[in-house]
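Me: I am new to this structure and would like a close look at a single part of it. Please take one residue, describe its surroundings with care, and then place it in the wider chain.

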Amino acid sequence: MSRELIETLLAAPYVARFGVRLEQKGDELTGVLPYAEILVGNPLIPALHGGAIGAFLEIVASASLLAGQSLERLPRPIDVAIDYLRPARAADVYARAIINRSGRRVANVRVEAWQGRSRAPVATLHGHFLITPSSADPAG
């Protein structure tokens, strides 16, 4: 696992401002975006801002790539598509990534975010990320 790179990712000012946490249970990594008033984009509902949700999904995708293999540097997004499925209410958001394919240079990742019930996602991300596997990684 690229633990140092995961710590670098979480310590970045942009990421640290969101307060994102990663919880690992076995081989499953779950991202947590704790509710904070600064994340509210529509105070009438109140619903979390789509940009905050999108950034959170991208953070979870990158962290999952780092946790799943030895990389020399942080993954860089090539293209990302986000589907906003329902409003994210004023509550914590959770997300998990599935790495569909990870090659020598490009990884294909899908992330689902939910509140309360994982079967009712609030948003999904599908993206391609540029990766640099460590030369010491036998899979790379």
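Reply: Leu29 is found in strand E2, which covers residues 28-33, in what should be read throughout as a predicted model. Is Leu29 buried or exposed? Its relative accessibility is 12%, and because buried means under 20% relative accessible area, Leu29 counts as buried.

Leaving aside its neighbours within four places in sequence, Leu29 is in contact with Leu22, Glu23 and Gln24, with Ala63, Ser64 and Ala67, and with Ala95 and Arg96. Arg89, by contrast, is 60 residues away from Leu29 along the chain, and the C-alpha atoms of these two residues are separated by 23 Å.

One of the contacts of Leu29 is Ser64, a residue that lies in helix H3. Ser64 is buried as well, with a relative accessible area of 8%, and when residues up to four places away in sequence are not counted, Ser64 touches Ala97 and Ile99 in addition to Leu29.

Helix H3, which runs over residues 50-68, also belongs to what covers the buried residues of helix H1, and that cover includes helix H2 (13-18) and strand E1 (21-25) too. In H1, which spans residues 3-11, the buried residues are Leu5, Ile6 and Leu9. Seen down the axis of H1, these buried residues fall within an arc of 105 degrees, so they line one face of the helix. Glu4, Glu7 and Ala11, on the other side of H1, are exposed.

These elements belong to a protein chain that has 3 helices and 8 strands, and read along the sequence they follow the pattern α-α-β-β-β-β-α-β-β-β-β. Among the contacts in the chain with a separation of 6 or more, 61% are accounted for by residues 24 or more positions apart. Buried residues such as Leu29 and Ser64 are part of a group that makes up 40% of the 140 residues in the chain.

As for overall dimensions, the C-alpha trace spans about 50 × 30 × 25 Å along its principal axes. A compact globule with 140 residues would have a radius of gyration near 14 Å, and the protein chain has 15 Å, which agrees. The accessible surface of the chain comes to about 7,800 Å², and 50% of that surface belongs to carbon and sulfur atoms. Finally, the chain carries 15 positive and 13 negative charges, and the mean positions of these two groups are 4 Å apart.

Terms used: Residues are numbered from 1 along each chain as its sequence is written. This is a predicted model: local features need pLDDT of at least 70, side-chain atom pairs count only at pLDDT 80 or more; totals for chains, interfaces and linings use all residues. Side-chain values use heavy atoms; hydrogens and water are left out. Buried means under 20% relative accessible area, exposed over 50%, partly exposed in between (1.4 Å probe, protein chains only). Helices (H or I, at least four residues) and strands (E, at least two) are DSSP runs, numbered from the N terminus. The arc is that of the directions from the helix axis to the C-beta atoms. Contact means heavy atoms within 4.5 Å. The radius of gyration is taken over C-alpha atoms; the globule rule is 2.2 Å times the number of residues to the power 0.38. Accessible areas come from the Shrake-Rupley method with a 1.4 Å probe; for residues, only the protein chains shown count as cover. Lys and Arg count as positive and Asp and Glu as negative; His and the chain ends are not counted. The place of a charge is taken as NZ of Lys, CZ of Arg, CG of Asp or CD of Glu.
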